[in-house]
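Work through these exercises with the model open beside you. Try each task before you read its solution.

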Amino acid sequence: MGARHGRTLTGLDDVELVGVADAVPAAARALAGELGVPALEPDELLRSRLDAVWLCVPPFAHGELELAVVRAGLPLFVEKPLGAGLAVAEEVAAAVAAAGVPTATGYHWRHLDTVAAAREVCAAHPPRLVSATWLDKVPPPAWWSRADRSGGQVVEQATHVLDLARLLAGEVAEVQAVRAPSSDPGRDVDDATAAVLRFASGAVGTLAAACAQPAKTRAGLELSCAGAAVELTETALTVTTAEGADRREPAVDARLAVDRAFVDLLTGGPRADGLVDYAEALRTHRVAVAVAESARTGAPVRPG
Ligand SMILES: NC(=O)c1ccc[n+]([C@@H]2O[C@H](COP(=O)([O-])OP(=O)(O)OC[C@H]3O[C@@H](n4cnc5c(N)ncnc54)[C@H](O)[C@@H]3O)[C@@H](O)[C@H]2O)c1
């Protein structure tokens, strides 16, 4: 994801990429070479008269890096999830709030024009049932398969659909989850998680996540609303009302839009909807961590 953001940022006319850092020097050199910028140590980078930092490390590596950027008083983009667990994210959120630095996070789906359209439908037709789904394969990075490093599938992956469930149906008051443990001795991330969600609005929902299949087959949400039905994936939105069904595809490249929107925020450019700052991302992360905790303990959990 660091490479992806680096390529996007170098393609923006009003951005100058200053350098790249990585815990693995060869990885930093390879990306820096591709992008035509120096490979630097993180503290060298922070002394390089920056206007902002994009932090794209795996879930287990969060904490000290964010705190160093915040101490330097710099705006910060952080990839989702905010951490493998909750404690680091809560600590960083407090530091971000105290410093007042602008932040953005990698919940890029929120930049889809189809998500904005779904939001309008849900404002007019309150969701009563939300079914969120993420059925996928195990991603390649080795850290993903270790629950203490990635946080597990719900925290690392399904967080995108939990974020949209919050956006479209409001805050989640309580979750209760069960799990199908890993069928692979090399992975301690569960094969599947099934959760029931209770929303503060009175709506109910489910999350179904699974990662033992050979390919991604589905990731998205279906919302049954009062007077409408909404089906949303990263590539399509279908809204069904009494007048019939209307299907459309996004006209926006959300992965580009998320970087463009944060640069615009920092440069005083046009304000786009969709940016998820650290505090808002933390509210989604709390729900994901609550589902993971409930799956582990079997007890209902109220996200903080
Ligand atoms: N927004 C999205 O849709 C999306 C998609 C994929 C991944 N991601 C997120 O992006 C993050 C990175 O995922 P990835 O697939 O790029 O992982 P990756 O393992 O491919 O790359 C992570 C890089 O971070 C480096 N790194 C690890 N610890 C570090 C540290 N302490 N300091 C500096 N560098 C460090 C690693 O050496 C590696 O080069 C994850 O949190 C993942 O969830 C988001």
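## Exercise 1: Two helices that cross

Task: work out how helix 9 and helix 11 are oriented to each other, and which residues touch.

Solution. Helix 9 and helix 11 are roughly perpendicular to each other, a term for angles of 65 to 115 degrees. The axes of helix 9 (residues 159-169) and helix 11 (residues 278-297) cross at roughly 115° and come within 9 Å. Axes are lines fitted to C-alpha atoms, for helices over the stretch in contact, with angles from 0 to 180 degrees between N-to-C directions. Helices (H or I, at least four residues) and strands (E, at least two) are DSSP runs, numbered from the N terminus.

Next, the contact (heavy atoms within 4.5 Å). Helix 9 brings T159, L162, D163 and R166; helix 11 brings E280, R283, T284, V287 and A288. Sort these residues by class: four are charged, three nonpolar and two polar. Here Ala, Val, Leu, Ile, Met, Phe, Trp, Tyr, Cys and Pro count as nonpolar, Asp, Glu, Lys and Arg as charged, and the others, Gly among them, as polar.

## Exercise 2: A second helix pair

Task: find the orientation of helix 4 and helix 5, then classify their contact residues.

Solution. Start with the axes. Those of helix 4 (residues 64-71) and helix 5 (residues 87-99) cross at roughly 5° and come within 10 Å. The two helices are therefore roughly parallel, the term for angles under 35 degrees. Now list the residues. E66, L67 and V70 of helix 4 meet E91, V92, A95, V96 and A99 of helix 5. This contact has six nonpolar residues, two charged and no polar ones.

## Exercise 3: Backbone checks

Task: locate the cis peptide bond and the non-glycine residue with positive phi.

Solution. The cis bond joins K80 and P81, with omega about -10°. P81 lies in the loop between strand 2 (76-78) and helix 5. R49 has the positive phi, about 50°. Look for R49 in the loop between helix 3 and strand 1 (53-55).

## Exercise 4: Confidence

Task: decide which elements have the lowest and highest mean pLDDT.

Solution. The model is predicted; local features need pLDDT of at least 70, and side-chain atom pairs count only at pLDDT 80 or more, while totals for chains, interfaces and linings use all residues. Residues are numbered from 1 along each chain as its sequence is written, and side-chain values use heavy atoms, leaving out hydrogens and water. pLDDT is the predictor's confidence in each residue, from 0 to 100. The chain mean is 97, and 100% of residues reach 70 or more. Helix 3 (residues 42-46) has the lowest element mean, 93, and strand 7 (residues 204-210) the highest, 99.

How values were computed: Angles under 35 degrees count as roughly parallel, over 145 as roughly antiparallel, 65 to 115 as roughly perpendicular and the rest as oblique.
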